[in-house]
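This report goes through one protein model, from its core and strands to its open and closed spaces and a few single residues. Please keep the sequence and the 3D view at hand while reading.

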Amino acid sequence: MAINSLVLLVDMYGCPNRCKHCWIGHMPNKQMDKDADVWIVNNFKRFFDKITYYSWLREPDFCNDYRERWNRDNEISVNSKPQRFELASFWRLVRDPDYVLFLKEVGVKKVQLTYFGMEDMTDKYVGRKGAFQELLKATDILIANQIAPRWQVFINEENKDQIIQLVNLANVLQLEERCASIGESFEFFVHCGSCEGENRKLYNIRIEKDHIPEKIIPYYLNYDKAITEQECCNLLKEDTSHIIYHNNEQIVLYVSNTFDVYFNFTHMTEAWKIGNLKDTEPEEMVRKILDEDTDALNAAKEVTIKALVEQYGNRYSKKTFSIGDYKSYLLNCYIEDMGK
């Protein structure tokens, strides 16, 4: 019997960037065979009422035939259609004048662009020289075509002073006024991200809450819910429950370019892998998906949050977290040690 709704995000073409904040982790770029999409969908057709297919997992539209690709994603989806959200390829925006027209055609009203400070810092964190200038050019292209840019900014101890400069730059460029002139609002928000994937490697320079510049606080996402690691430890030190990730009616899966399958709960490492589509029978893959049967999820049921805090928490740390992100950080510390 077909059940549930499935969303497939597949890394068919790769990504031009190697961002230091990437929460799913870096993967090699490898273009998948053109017919891999239908083969992947067919693996699940018998088991799910709805399947929504996306041909990208990292940079959207990172293929030359992005129009045809979008149409194909729609065609091979089952009783469902993919959505555009606020994501687009800034790499393509500055290289292909037709791309912004495509974005307008498919109804994009806002596009998120990610910064890590000024030019040197953003180029360093995106992993590509010239990325900062491309982001500025992309901002101009979007506004000129009645699409609002949405600046997302990651902050840490290394770049915190440059974030102030970035606020000033947005004001100098009059982005609020320019977006208002096209009937849209300009969004500028700052956060430190989760502590997973590549961003996990930046734990040592994760910003302390007292070090967030005062000028940045109005822009900091959910600042009222941001607490220190010390506060997280105090809140969780007697918590005898377990960290359990769980799907509801809709299941979201990430598929790597080597056909490894993961839930979208956290980063894509071996312990979190559900299986590989090439060597796992469809019935077994779906069973593992529905039973949420992975090494990491099974291990999480065996350790309490209290035990995780005792083993991995730093009760003296003032590093900034949300309570949910901190739980994920603790669990992944445990999972990594388990695999050693």
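Leaving aside its neighbours within four places in sequence, which residues is Ile 40 in contact with? The partners of Ile 40, with neighbours within four places in sequence left out, are Leu 8, Val 10, Met 32, Tyr 53, Val 255, Phe 259 and Leu 277. This is a predicted model, and what follows is computed from it.

**Core**

Ile 40 belongs to the largest nonpolar core, which has 118 residues. Leu 8, Ile 40, Phe 44, Trp 151 and Leu 253 are the residues with the most contacts inside this core. Helix α6 gives the core its largest share, eight residues.

Asn 43 lies in helix α1, which spans residues 36-44. Asn 43 has a relative accessibility of 9% and therefore counts as buried, the limit being under 20%. With neighbours within four places in sequence left aside, Asn 43 is in contact with Leu 277 and Pro 282. Leu 277 is also among the contacts of Ile 40.

**Strands**

In strand β1, six of six residues are buried. Ser 5, Val 7 and Leu 9 point one way from β1, and Leu 6, Leu 8 and Val 10 point the other way. β1 pairs with strand β2 (residues 50-54) in the parallel sense, over five bridges. One of the bridge partners is Lys 50 in β2, which is matched with Ser 5.

Strand β8 (residues 260-263) is also buried on both sides: Asp 260 and Tyr 262 point one way, Val 261 and Phe 263 the other way, and all are buried. β8 pairs with β7 in the antiparallel sense over three bridges, and Tyr 254 has Tyr 262 of β8 as its bridge partner. β8 also pairs with strand β9 (residues 273-276), again antiparallel and over three bridges. There, the bridge partner of Val 261 is Gly 275 in β9.

The hairpin of β7 and β8 has four residues between the strands. Within this hairpin, Phe 259 takes a positive phi near 75°. Phe 259 is one of the contacts of Ile 40.

**Helix α5**

Helix α5 covers residues 119-126, and its buried residues are Met 121, Thr 122, Asp 123, Tyr 125 and Val 126. What covers these buried residues includes α3 (90-93), β3 (110-115), α6 (131-144) and α7 (160-172). Gly 127 follows α5 and has a positive phi, near 90°.

**Pocket and cavities**

The largest pocket has a volume of about 1,100 Å³. It is lined by 41 residues, and the closest to its centre are His 21, Trp 23, Arg 58, Leu 87 and Gln 112. At least two residues of the lining come from each of β1 (5-10), β3, β4 (148-154), β5 (187-191) and β7 (250-255).

Three cavities of 30 Å³ or more are found in a search of the whole structure. The largest cavity has a volume of about 70 Å³. Its lining is made up of Phe 154, Ile 155, Asn 156, Cys 192, Cys 195, Asn 199, Leu 202, Tyr 203, Ile 205 and Arg 206.

The table gives both linings by residue class.

| Space | Nonpolar | Polar | Charged |
|---|---|---|---|
| Largest pocket | 23 residues | 11 residues | seven residues |
| Largest cavity | seven residues | two residues | one residue |

**Two residues with positive phi**

Most residues other than glycine have a negative phi. Against that background, two loop residues can be set side by side. Asn 79 has a positive phi, near 55°, and Glu 292 has a positive phi near 50°. Asn 79 sits in the loop between α2 (66-76) and α3, whereas Glu 292 lies in the loop between α10 (282-291) and α11 (295-300).

Are Asn 79 and Glu 292 buried or exposed? Asn 79 has a relative accessibility of 62%, so this residue counts as exposed, the limit being over 50%. Glu 292 has a relative accessible area of 11%, which is under 20%, so Glu 292 is buried.

Technical notes:
Residues numbered from 1 in each chain as written. Predicted model: local features only at pLDDT ≥ 70, side-chain atom pairs only at ≥ 80, totals over all residues. Heavy atoms only, no water. Buried < 20%, exposed > 50% of the residue type's maximum accessible area, 1.4 Å probe, protein only. Contact = heavy atoms within 4.5 Å. 1 Å grid on protein atoms, 1.4 Å probe; cavity = no way out; pocket = protein on both sides within 12 Å on 5 of 7 lines; lining within 4 Å. Points joined across faces, edges and corners; volume = space filled by probe spheres on them. Nonpolar A, V, L, I, M, F, W, Y, C, P; charged D, E, K, R; others polar. Core = buried A, V, L, I, M, F, W, Y, C linked by side-chain atoms within 4.5 Å. Pairing = 2+ DSSP bridges.
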